[in-house]
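Reader: Hi! I am new to reading protein models, and I would love a close look at the side chains in this one. Could you take me through it slowly?

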Amino acid sequence: MKQSNAAEKLTADQNQLAKHAIQVHKFGGSSLASAQCIVRVVDIIRQHCQLNDIVVVSANGGTTDALFALYHQAISQSEEIVTLLDDLKSMQAHLIRELLSPSNAKRLLNELAADCEQLLNWLHHSPQQHQADILAYGELWSARLLSAVLSERVCPSFMVDSRDFLVINNDKACQVNTVLSKSQLYQLKQSDKLAVITGYIAKNDQHETCTLGRNGSDYSATIMASLVGALNVTLWTDVDGIYSADPRVVPSARKLHRLPNGVAKELGRLGNPVLHAKTLQPLTDHSTHLHVASSFDPSISGTEIGKFGQIAKQELSVTFLNDLLLAQSDSFTGNLGEQAQREFSAICGDHKAGFIVIYQEQQKAVSQWLASHDTEVKFTPASILATVGHKVIHHGDVQARFKRSLRHSKTFARVNSPNEHSIMAILTQACTTELLNHVHHDMTKDARHIGLVVAGLGNIGERFLEMLPAQLGRVPALENVHLVGLVTSKKALINNDGIEVNQALSLYQNDAKEIDKAELMTWLANHPYDELVVVDVTPSEQFSLLYEEFFKQGIHVIGANKWAASSSTDNYKSLLASAAKNKSLWFGNTTVGAGLPINYAINDLLNSGDNITEISGIFSGTLSWIFETYDGSLPFSELMLDALSQGITEPDPREDLSGRDVQRKLLILARAAGFELSLADIECQNLVPDELQTLSIADFLAAAKQLDSFFAEQLNQAKEKQCCIRYIARFSVASSGQFTAKVGLEVLSDNDAFANLTPCDNIFQIKTGWYQDNPLIIRGPGAGRDVTASGIHSDLVNICQQLNTRHSQVKLKGID
């Protein structure tokens, strides 16, 4: 990790930054806690920043705590000050030597030594006067080091002490002098260099150092964004987003991918462990979006806070605050009560019932305020438990559910927040972990949002979309499914706020834009949903090649497309392994038999412990129609052209007559039954003579009469035996374990199960250990837009039922 002594600072034209959008990036203390963490941060900056961006930093992990400890030791005049300071100095020196070339390290080590001399002087002689100055060194050292590392490894960089431009009124209100701060910041900016600015610290009007409070670096970042008009602020921390409850306490908490500004602000006010009350204040009058992401795994999509549509506004979360006080007094009624709530920024209150809920440290101030009104007050230890969501107080169903979830708890009162985004229960005891988990379960159990992307808008895709509105309203498992993408080979309509399902096709026609594979995959990799399901109704082999990338992103696939499931053995096994590794579900029950439950039946037989020994039948609706109809009264070619005109065959009938479609279907079913084989293992009879196989479609249709003699001969030979001809698929396994597989024309007796079907029907016969002498038979329409679309809907319901009970494990690095 050490750098060469010959390392030089990079110039502007040598910068290695990959992005080109003005943003503010804030890195918390845990993200900068070690040399390894800082290297990870440097790589994030390389990938996500440009020279006009601003990087805001907290102190390296543990540094602020160490400075606080030094300050308290100084107040008590402890003799351990020198030892503690030496330890802190050694820790910083280690980071410097580990990350910088010797020449640059020497400069920073000299500055560190000078800082520690100043620190020791303040600690010995005037610690209380210089408390904020002492605490400011954590951010100062962090920014200085990161800027130096960036200048060596990534791009030109400069460090800014925020006290040189950021002016606030005091360290309690922390109100920014925007005009002066903005002017002074622009004077400090250097063109073609990346600014690394200290968080947490500022100066007041008297030029004294102030701190912005614990977690003040987040507030610093949003202040910077408001000053420069940044479009985005990313808070890089140690969790990958905002959750529906504190995931350290509620294991089933789910990530909230998008939060409206007002909801996020209320969550911060009510104790969310990642968001803080002041963070969003500077962005109130800006269109800036705030992101929360993990520096420990930057590839994971985090949480975005901004202005969104109805889907994001449906999110619910639960939060709590313990160690509060319920203050009851006659002075908390009427106008005076409203004044008290504003004066003390009460958590909540009721000016009709005469109470407010405050933090414990506010007790003295409240008592003094009431003394001036000569009224008594009763203080009771309390806590609050709140459900938070957009305008949630207007949702009667949520109000009722929240009330039911608390029916066994001793609740003093339930109040609505003035901003309308939370319903709070006031408890006269601490909120327990058990109660929090219980209420979270009741309030969010149906809130898992699933995005749906439909690829392919042909006959079946259109029919699927036509059926979708009724399905969404009828099936409980689809309650939180949102159509968010429509994709064809050249264009796509993608809307994170949802596509109106009743107008999906017309919206696609009017608003779809050209999109390439890279753009599509970028969006899919960063979708804002708990789960994403891609429905592939294309016949495209190229689209099926994206399945591997889908699975790597944890995206689920419902495929009517046969290509992936009938691809090479190595590719098929790789897809199964990738889907399993990334917990992606892959359903393809309409690849064979349209809406018939043949795949479900095979899966159920295997799950029951049965052994499949044979799969056979008529798997092509087109060939079923042709050979059920072909009786010799018309030449075969005329019958085929009639089927083409009715849309029964593919536009090129050779696709059906080649048997390749049946061959792929047999391969899919054999694999579903647990056997390992490839297309080459299945013998396939092509019903198109060699000389007709390479012609253009037009030339083939013109020469179709050449088919007549062969099929007439096959039919006549069968009739002489009182039999018929059918195109049959057969897979069978001998007791030795050897299997045979073939598809081709067969002569069958007229009373055979495969001989008398309704034209276009498919039939599947399965023999197993338990269904040997009396095989299991599934028969019905094997093609058609209605049955195929309904089969896809069946897969969608099945997949959503599984996803709705799934909870992702939250990996915590510690809360920043």
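**Cysteines, rings and a sheet**

Author: Happy to! Let us begin with Cys-760, which is partly exposed, its relative accessible area being 27%. Keep in mind as you look that this is a predicted model. Does Cys-760 have a bonding partner, or is the closest cysteine sulfur too far for a bond? The closest one belongs to Cys-724, and because 17 Å separates it from the sulfur of Cys-760, that is too far for a bond. Cys-431 gives a similar story: its closest cysteine sulfur, in Cys-348, is 13 Å away, again too far for a bond. Cys-431 is buried, though, with 6% relative accessibility. In general, a disulfide is a covalent bond joining the sulfur atoms of two cysteines. This structure holds zero of them.

Now turn to the aromatic rings. A search of the whole structure finds 20 aromatic pairs. In one of them, Phe-344 and Trp-369, the ring centres are 5.9 Å apart and the planes stand at 90°, so the pair is edge-to-face. These partners come from distant parts of the chain, 25 residues apart: Phe-344 lies in the loop between helix H10 (334-343) and strand S15 (348-350), whereas Trp-369 is in helix H11 (residues 363-371). Phe-344 is buried at 9% relative accessible area, and Trp-369 is buried too, at 12%.

A further aromatic pair, Phe-731 with Phe-739, is tilted, with 5.4 Å from centre to centre and 35° between the planes. Here one partner, Phe-731, is buried at 0% relative accessibility, while Phe-739 is partly exposed at 28%.

Rings can also join into a group. Phe-543, Tyr-547, Phe-550, Phe-551, Tyr-572 and Trp-586 are linked by ring pairs into a cluster. Look at Tyr-572 in that cluster: the charged end of Arg-671 sits over its ring, 4.4 Å from the ring centre.

Trp-586 leads us to the backbone, through a strand that covers residues 586-587, S26. Where does S26 sit in its sheet? Seven strands make up this open, mixed sheet, in the order S23-S22-S21-S20-S24-S25-S26. S26 and strand S23 (513-514) stand at the edges with a single partner strand each, so one side of each is left without a neighbour in the sheet. Further in, strand S24 (residues 531-536) pairs with strand S25 (residues 556-559) in the parallel sense, over four bridges. If you want to find one bridge yourself, look for Val-533, whose partner in S25 is His-556.

Conventions. Residues are numbered from 1 along each chain as its sequence is written. This is a predicted model: local features need pLDDT of at least 70, side-chain atom pairs count only at pLDDT 80 or more; totals for chains, interfaces and linings use all residues. Side-chain values use heavy atoms; hydrogens and water are left out. Two strands pair if DSSP finds at least two bridges between them. Helices (H or I, at least four residues) and strands (E, at least two) are DSSP runs, numbered from the N terminus. Rings of Phe, Tyr and Trp (its six-membered ring) pair if their centres lie within 6.5 Å; planes under 30 degrees apart count as stacked, over 60 as edge-to-face and the rest as tilted. Buried means under 20% relative accessible area, exposed over 50%, partly exposed in between (1.4 Å probe, protein chains only). A charge sits over a ring if NZ of Lys or CZ of Arg is within 6 Å of the ring centre and within 35 degrees of the ring normal. A disulfide is a pair of cysteine sulfur atoms within 2.5 Å.
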